[in-house]
Structures are given as structure tokens and as C-alpha cells.
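This briefing covers a protein model and is meant to be read alongside its sequence and coordinates. The points are grouped by topic.

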Amino acid sequence: MKPFYHLGTVTRINIFVHWTTVVMFFGLFLYYLWRGVSLGAALAGVLLIAVVFGCVLLHELGHALAARHFGIGTRDITMYPIGGVARLERIPRVPAHEFWIAVAGPAVNLGLAAGFFVFNLLTGRPLSIDALLPPRTTIPGMLMWVNLLLAGFNLLPAFPMDGGRVLRAWLAARLPYHRATRIAAWIGQAMAILFGLAGLLDFNPVLVFIGLFVFLGARQEVRAVAETERTGYGYPGPA
Ligand SMILES: [Zn+2]
């Protein structure tokens with residue numbers, strides 16, 4: 001089994017799907033059938049989740065295109081069950097660049113949410129959060145709320161998630177880079193523990209995995225910065 005499946009290329013960036021995501025989609029499909037829904041309804045359910053993944057992919061492309069604007073390429077974008085990852089060639093050391101690249105992803109989701117808001121308003125569909133859950137689910141209403149939640153969740157200061165990068169950029173404009181990173185990472189790891197606990201109490205494995213991913217990611221970034229500071233290699237950033 002291949003670990004990654006090539007989905008296509010968008011603006012010269014390769015898009016991959018991790019095998020666990022393929023398994024998750026297949027599992028969801030079987031789960032819908034097991035619940036006794038028709039084949040068509042099961043396919044529609046999976047298609048809707050695929051559309052949500054499409055919104056996450058556009059979020060990642062937002063990061064990638066903002067990075068390109070600052071001269072930083074993106075190796076690839078991979079879709080995992082808990083979200084997408086855009087692998088930038090390097091993390092910008094200029095705080096303003098890191099800030100704009102970090103906010104570009106959630107900005108895409110806010111733009112999509114605004115688009116669905118206008119559509120729902122013009123077509124007289126419900127705007128309340130009821131649209132997210134049965135029995136009042138509408139697909140445009142659900143997509144509006146999902147995009148709002150994606151933007152909001154990613155902007156939490158859980159470094160190395162987007163909000164945490166905004167925080168590091170803000171701190172790095174005022175403090176030495178390694179100190180800014182360490183403070184952002186402490187806050188990120190505290191948030192990660194909260195995600196993990198909330199996920200365990202709520203039996204939400206996705207939140208537990210996000211907590212784990214944030215916790216390890218924060219530690220990795222602190223190490224990478226410490227290494228760069230020690231060797232002095234690759235330090236084009238601000239004074
Ligand atoms: Zn993001």
C-alpha cells in the first residue's frame with residue numbers, strides 16, 4: 001500500500017492524500033451503510049465530507065500562495081484525517097511574513113463562510129447554527145458554519161497552528177526569536193493538553209490527535225530554532 005496518493009497539481013503544487021484519509025472515507029461509507037441508509041445517501045454523506053476536505057485544502061492553498069508571495073515555495077500539500085498540511089520550504093523569519101502566511105489560511109475559510117452567508121441570505125435558507133445539525137441541516141448552511149469553525153479553531157493560539165504562528169510573529173517583533181518561539185510553544189503545549197483532555201472527556205479521537213500533533217509540533221519547532229541559533233545556519237531573519 002502506498003503511503004500517499006497523488007490527487008493532482010494546483011498552481012504547480014502537488015496535492016497528496018495520506019492512506020489513512022482514504023481508509024477513513026471508506027470506513028465512513030461502510031458506517032453509513034451499516035446504519036441502514038441507502039447507497040445513494042451513503043455516497044452523498046461521503047461526498048459532503050469530501051467537500052469539507054475541499055475547504056481545508058483551499059485553506060492550505062491560502063498558506064501556500066501567501067508564502068509564494070514572500071518568495072517561499074511549498075513542497076506539497078497532504079490531506080490527513082485531522083486536516084491538511086502545507087509543507088513550506090522554510091519558515092519565514094520575518095515576523096510580518098509569518099503573520100500574513102498564517103492568517104491567509106483562515107482568511108480563505110472566512111471568505112468561503114461570507115460567500116455561503118450571502119447565498120443563504122439571498123435564497124432564504126436558515127442562518128442559525130441549527131443548519132449544522134439534523135433535522136434542520138442545509139448543505140450551504142452547514143458549509144457556512146464549518147468554514148467559520150475552521151477559521152476560528154485554526155486561529156486559537158495553539159502553536160504551531162495558525163493562531164500560534166500569529167502569536168509567535170507578534171512576540172518575535174518584540175523579543176529575540178528563540179524566546180518568542182519558546183513562549184509560543186509553551187502556550188501551544190498548554191492548549192494541546194487542553195485539547196487532549198477535552199478529546200478524552202468527549203470521546204473525540206480527532207481532538208486527541210490534534211492535541212498530540214500540536215504538542216509534538218511545538219517541541220519540534222523549538223528544537224529547530226535552537227539548532228539554527230546554535231549553528232548560525234539559515235538565519236536571514238530580522239535583528
Ligand atoms: Zn492553517
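Which residue in β2 is the bridge partner of V10? The partner is I13. The model is a predicted one, and its domain assignment splits the protein into domain 1 (1-155) and domain 2 (156-239). The points below begin with the hairpin that holds V10 and I13, then move to the sheet, the helices and the domain contact.

**The β1-β2 hairpin**

- Strand β1 (residues 4-10) pairs with strand β2 (residues 13-18) in the antiparallel sense, over 6 bridges.
- V10 of the hairpin is matched with I13, and F4 stands opposite H18 in β2.
- The hairpin has 2 residues between its strands.
- T11 lies in the loop between β1 and β2, and its phi is positive, about 40°, although T11 is not a glycine.
- Most residues other than glycine have a negative phi, and most peptide bonds are trans.

**The sheet**

- An open sheet is formed by 4 strands in the order β1-β2-β3-β4, with mixed pairing.
- β1 and β4 (83-88) are the edge strands, each pairing on one side only.
- On average, neighbouring strands of the sheet are turned by 25° against each other, with direction ignored.
- β2 pairs with strand β3 (residues 74-80) in the parallel sense, over 4 bridges.
- Within that pairing, the bridge partner of N14 in β3 is D76.
- β2 thus takes part in an antiparallel pairing with β1 and a parallel pairing with β3.

**Helices across the sheet**

- Helix α1 (residues 19-34) lies across β1, β2 and β3, and runs at about 55° to β2.
- Helix α2 (residues 39-69) lies across β1, β2, β3 and β4, and runs at about 15° to β4.

**Helix α3**

- How far apart are the end C-alpha atoms of α3? They are 40 Å apart, which agrees with the 40 Å that its 28 residues should span at 1.5 Å a residue.
- α3 bends by about 30° at A104.
- A proline, P106, follows A104 within four residues.
- Just after α3, G124 takes a positive phi of about 70°.

**The contact between the domains**

- The centres of domain 1 and domain 2, taken over C-alpha atoms, are separated by 22 Å.
- Domain 1 gives 13 residues to the contact, and domain 2 gives 19 residues.
- On the domain 1 side, α3 (95-122) and α4 (139-154) each supply at least two residues.
- Which element gives the largest share of the side of domain 1 that touches domain 2? That element is α3, with 7 residues.
- By class, this side of domain 1 has 9 nonpolar, 2 polar and 2 charged residues.

**A cis peptide bond**

- The peptide bond from F159 to P160 is cis, with omega near 10°.
- P160 is found in the loop between α4 and α5 (162-172).

Methods: Residues numbered from 1 in each chain as written. Predicted model: local features only at pLDDT ≥ 70, side-chain atom pairs only at ≥ 80, totals over all residues. Domains from an automatic or database assignment. Contact = placed C-beta atoms within 7 Å. Nonpolar A, V, L, I, M, F, W, Y, C, P; charged D, E, K, R; others polar. Pairing = 2+ DSSP bridges. Expected span 1.5 Å × (residues − 1). Bend = angle between axes of the 7 residues up to and from the residue. Axes fitted to C-alpha atoms, helices over the stretch in contact; angles between N-to-C directions.
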